[in-house]
Amino acid sequence: VRAKECNAFWVISSYADKFYAYKVNTAGVYLNKVSTIKGYNTNDPRGYLKVSPDGKKLVAANMESGTHIFNFNDDTGEVTNFNGSTSLNRLSLASNLGYGVEFSYNNKRGALQLAPNGKIYWTSDESRNISVINNPENLGSRTNYSHQSISVGNGAIAGQGLPPFISSLLLPITIEDTNNNVVNNLDINLCIGESITITPENIS
């Protein structure tokens, strides 16, 4: 996930009751923070670990230990119990376990893999199709979930999971011209000799 400082990222892993946050910047890669969470213990390596696009929340799914949500500090790399709680925050799931997780653009909803188009996709093992949550910002039927509706291609079979992305890089930004007109996704026609200056939203 993108770090608070410019041109830096966090790479996070967990083992047993600890989270390891490695900072990656122009100086290299180094272990910046080890966070110990009382009562948390992963005993199965299978499962996703994701940070919300805004770098403030972390969710860890585990096939044996369940799915938990934490706070993440994108400045220091520290992982703490969610919202300052003194105890673990385990998500209530039908199976009480977990494997795939994801945050939507608004950093609230959870599922599997956020895509650049704002939709969330998930894959079923040994399936020729993947499913999609078309509107993950909404709740209930308004999410417009479509089960196994997208083919993975002739002869292809989906496995356990999709390629991971750094979600904070998928956040939409605003691009404006010098008159403060938003020009995202617009076709701009210019004649020979004309010019235009466009400026992306400042991201820190």
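Where does Arg-2 lie? Select Arg-2 and you will find that residue in the segment before S1. Arg-2 is partly exposed because its relative accessible area is 25% (buried means under 20%, exposed over 50%, partly exposed in between, with a 1.4 Å probe and protein chains only). Now add Asp-75 to the selection: the two C-alpha atoms are separated by 9.8 Å, although the residues are 73 apart along the chain.

Before moving on, a word on the model. This is a predicted model, in which local features need pLDDT of at least 70 and side-chain atom pairs count only at pLDDT 80 or more, while totals for chains, interfaces and linings use all residues. Residues are numbered from 1 along each chain as its sequence is written, and side-chain values use heavy atoms, leaving out hydrogens and water.

**The whole chain**

Switch to a cartoon view. The protein has 13 strands and 0 helices (strands are DSSP runs of E, at least two residues; helices are runs of H or I, at least four; both are numbered from the N terminus). Of its 204 residues, 34% count as buried.

**The first hairpin**

Select strand S1 (residues 9-15) and strand S2 (residues 18-25). The two run antiparallel and are joined by 7 bridges (strands pair if DSSP finds at least two bridges between them). Look for Ile-12, which stands opposite Ala-21 in S2. S1 and S2 form a hairpin with 2 residues between them, and Ala-16 in the turn has a positive phi of about 55 degrees.

**Salt bridges**

Next, show the charged side chains. There are 3 salt bridges (a side-chain nitrogen of Lys or Arg within 4 Å of a carboxyl oxygen of Asp or Glu).

- Lys-23 and Glu-5 meet at 2.8 Å, N to O. Lys-23 is in strand S2 and Glu-5 in the segment before S1, 18 residues apart. Lys-23 is buried, with a relative accessible area of 6%, whereas Glu-5 is partly exposed at 35%.
- Lys-18 pairs with Asp-17, their closest N and O atoms being 3.4 Å apart. Lys-18 is partly exposed at 27% relative accessibility, and Asp-17 is partly exposed at 24%.
- Asp-74 and Lys-56 meet at 3.4 Å, N to O. Asp-74 lies in the loop between S6 and S7 and Lys-56 in the loop between S4 and S5, so this pair ties together parts 18 residues apart in sequence. Asp-74 counts as buried at 10% relative accessibility, while Lys-56 is partly exposed at 41%.

**Aromatic pairs**

Now colour the Phe, Tyr and Trp rings. The count comes to 4 aromatic pairs (ring centres within 6.5 Å, using the six-membered ring of Trp; planes under 30 degrees apart are stacked, over 60 edge-to-face, the rest tilted).

Zoom in on Trp-10 and Phe-72, an edge-to-face pair with 6.2 Å centre to centre and 85 degrees between the planes. Trp-10 sits in strand S1 and Phe-72 in strand S6, 62 residues apart. Trp-10 is buried, with a relative accessible area of 3%, and Phe-72 is buried at 4%.

Then move to Tyr-40 and Phe-70, also edge-to-face: 5.3 Å centre to centre and 80 degrees between the planes. Tyr-40 is in the loop between S3 and S4, and Phe-70 is in strand S6, 30 residues apart. Both residues are buried. Add Phe-19 to the selection, and you have a cluster of Phe-19, Tyr-40 and Phe-70 linked by ring pairs.

**Two open sheets**

Select S4 to S7. These strands form an open sheet of 4 in the order S4-S5-S6-S7, with antiparallel pairing. The edge strands are S4 (49-51) and S7 (79-81), each pairing on one side only. In the middle, S5 (residues 57-62) and S6 (residues 66-72) pair over 6 bridges, and Asn-62 has Gly-66 as its bridge partner in S6.

Further along, another open sheet has 4 strands in the order S8-S9-S10-S11, again antiparallel. S8 (113-114) and S11 (145-151) stand at the edges with a single partner strand each, so one side of each is left without a neighbour in the sheet. S9 (residues 120-123) and S10 (residues 129-133) pair over 4 bridges, with Ile-120 matched to Ile-133 in S10.

**Last stop: the surface**

Finally, turn on the surface and select Val-11, Tyr-22, Val-29, Leu-31 and Val-34, which make a nonpolar patch of about 410 Å². Strand S3 (residues 28-36) gives the most to this patch, with 3 residues. Val-11 lies in strand S1 and counts as partly exposed at 47% relative accessibility. Patch members have over 30% relative accessible area and no salt bridge; like charges are joined within 9 Å and nonpolar side chains (Val, Leu, Ile, Met, Phe, Trp, Tyr) within 5 Å. Accessible areas come from the Shrake-Rupley method with a 1.4 Å probe, and for residues only the protein chains shown count as cover.
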